[in-house]
Amino acid sequence: MNNKPVAVITGASRGIGRAIAISLASEKFDIAAIARTVESEGMESLAREITAKNVAFFPVGLDIACTDCQDEVVKNILGRYGRIDLLVNNAGVAPLKRNDLLEMTEESYERVMNINLKGPVFFAQRIAREMIYLGRQISDYRPAIIFISSISSTRTSVNRAEYCISKAGLSMASSVFADRLAADNIRVFEIRPGIINTDMTARVKDTYDKLIADGMVPQKRWGYPEDIGRAVASLARGDWDFSTGAIFDISGGLNITRL
């Protein structure tokens, strides 16, 4: 069995997932990086960056919405490493088109919910079962699951309602997993990113540039994927061992209730 801790990150080929993978590699986690396809420039460059830190890298192709595919993926990761110490459920999408709530389509709703909520919930369920088993086999095992939700789990956007609903559901998923798994010594956390400079926000960059400059974000800057990566690394190190179920807003102060 691998002696190093192993982190599984979904949506790892770019943006927040990529930054998380790099941060965890710096903490000496071996990495299983999941993306829809492993044959991409993003995954290839991530592999170079991870292996340069003298940890192992395993690229895994998975559409997280395909719940029937998850069992084989988990078996492949365990076959490669023999253990899973950390799951970071990061994969997520925005609606293909921003429509008013009253124009939201069932097709768009189902797509977002399957990727952002259903897939992550059942992936966490599958890996949690393995973590319970591994806890009986590894003496110094300290497993954790982290859900990457969004500030949109508590703030409405009427032109992307399906996204907000999915993230609110993911927030509750984090809570119920934390409750269920606490007795098994599996810590569960939720991270709520704010406005992060990624591909997802690129098409509305000008709008957010103005809003941020006008003070919508108290710290008056964009968030960066590395901000989320550092937060995940802190949780993975065990800095918050007595805080299962905690929510961490990494949003520059957007979580502050202001007049």
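Guide: Let's start with a word we'll need: buried means under 20% relative accessible area, exposed over 50%, and partly exposed in between. Keep in mind that this is a predicted model.

Visitor: Okay, so why is F189 called buried or exposed?

Guide: F189 has a relative accessible area of 0%. The cut-off for buried is under 20%, so F189 counts as buried.

Visitor: And F248, what makes that one buried or exposed?

Guide: Its relative accessible area is 16%. Buried needs under 20%, so F248 is buried too.

Visitor: How many aromatic pairs does a search of the whole structure find?

Guide: Five aromatic pairs turn up. One of them is made by F147 and F177, with ring centres 5.7 Å apart and planes at 40 degrees.

Visitor: Why is the pair of F147 and F177 called stacked, edge-to-face or tilted?

Guide: Rings pair if their centres lie within 6.5 Å, and these centres are 5.7 Å apart. Under 30 degrees would be stacked and over 60 edge-to-face; at 40 degrees the planes fit neither, so the pair is tilted.

Visitor: What does that pair tie together?

Guide: F147 sits in strand β5 and F177 in helix α5, so the pair links parts that are 30 residues apart in sequence. Both F147 and F177 are buried.

Visitor: What kind of pair do F189 and F248 form?

Guide: An edge-to-face one: the distance is 6.2 Å centre to centre, with 70 degrees between the planes. The cut-off for edge-to-face is over 60. Since F189 lies in strand β6 and F248 in strand β7, the pair ties together parts that are 59 residues apart in sequence. Ring pairs also bring in W240, giving a cluster of F189, W240 and F248.

Visitor: Which residues is L235 in contact with, leaving aside its neighbours within four places in sequence?

Guide: That cluster shows up again here: L235 touches F189, W240 and F248, along with I146, R187 and I191. L235 itself is in helix α8, residues 225–237.

Visitor: How do you know whether L235 is buried or exposed?

Guide: Check the value: L235 has 3% relative accessibility. That is under 20%, the limit for buried, so L235 counts as buried.

Visitor: Moving on to cysteines, what makes C66 and C69 a disulfide?

Guide: Their sulfur atoms are 2.0 Å apart, and the rule asks for a pair within 2.5 Å. By this rule the count is one disulfide. With 60 degrees about the S-S bond, the link is right-handed.

Visitor: Why are C66 and C69 called buried, exposed or partly exposed?

Guide: C66 has 25% relative accessibility and C69 has 32%. Partly exposed runs between the 20% and 50% cut-offs, so C66 is partly exposed, and so is C69.

Visitor: What is the story with K220 and its phi?

Guide: K220 has a positive phi of about 55 degrees although it is not a glycine. You'll find K220 in the loop between α7 and α8.

Visitor: Why is K220 called buried or exposed?

Guide: Its relative accessible area is 55%. Exposed means over 50%, so K220 is exposed.

Visitor: And K28, where is its place?

Guide: K28 is in the loop between α1 and β2. K28 has a positive phi as well, about 70 degrees, although it is not a glycine. At 41% relative accessibility, K28 counts as partly exposed.

Methods
Residues are numbered from 1 along each chain as its sequence is written. This is a predicted model: local features need pLDDT of at least 70, side-chain atom pairs count only at pLDDT 80 or more; totals for chains, interfaces and linings use all residues. Side-chain values use heavy atoms; hydrogens and water are left out. Helices (H or I, at least four residues) and strands (E, at least two) are DSSP runs, numbered from the N terminus. Buried means under 20% relative accessible area, exposed over 50%, partly exposed in between (1.4 Å probe, protein chains only). Contact means heavy atoms within 4.5 Å. Rings of Phe, Tyr and Trp (its six-membered ring) pair if their centres lie within 6.5 Å; planes under 30 degrees apart count as stacked, over 60 as edge-to-face and the rest as tilted.
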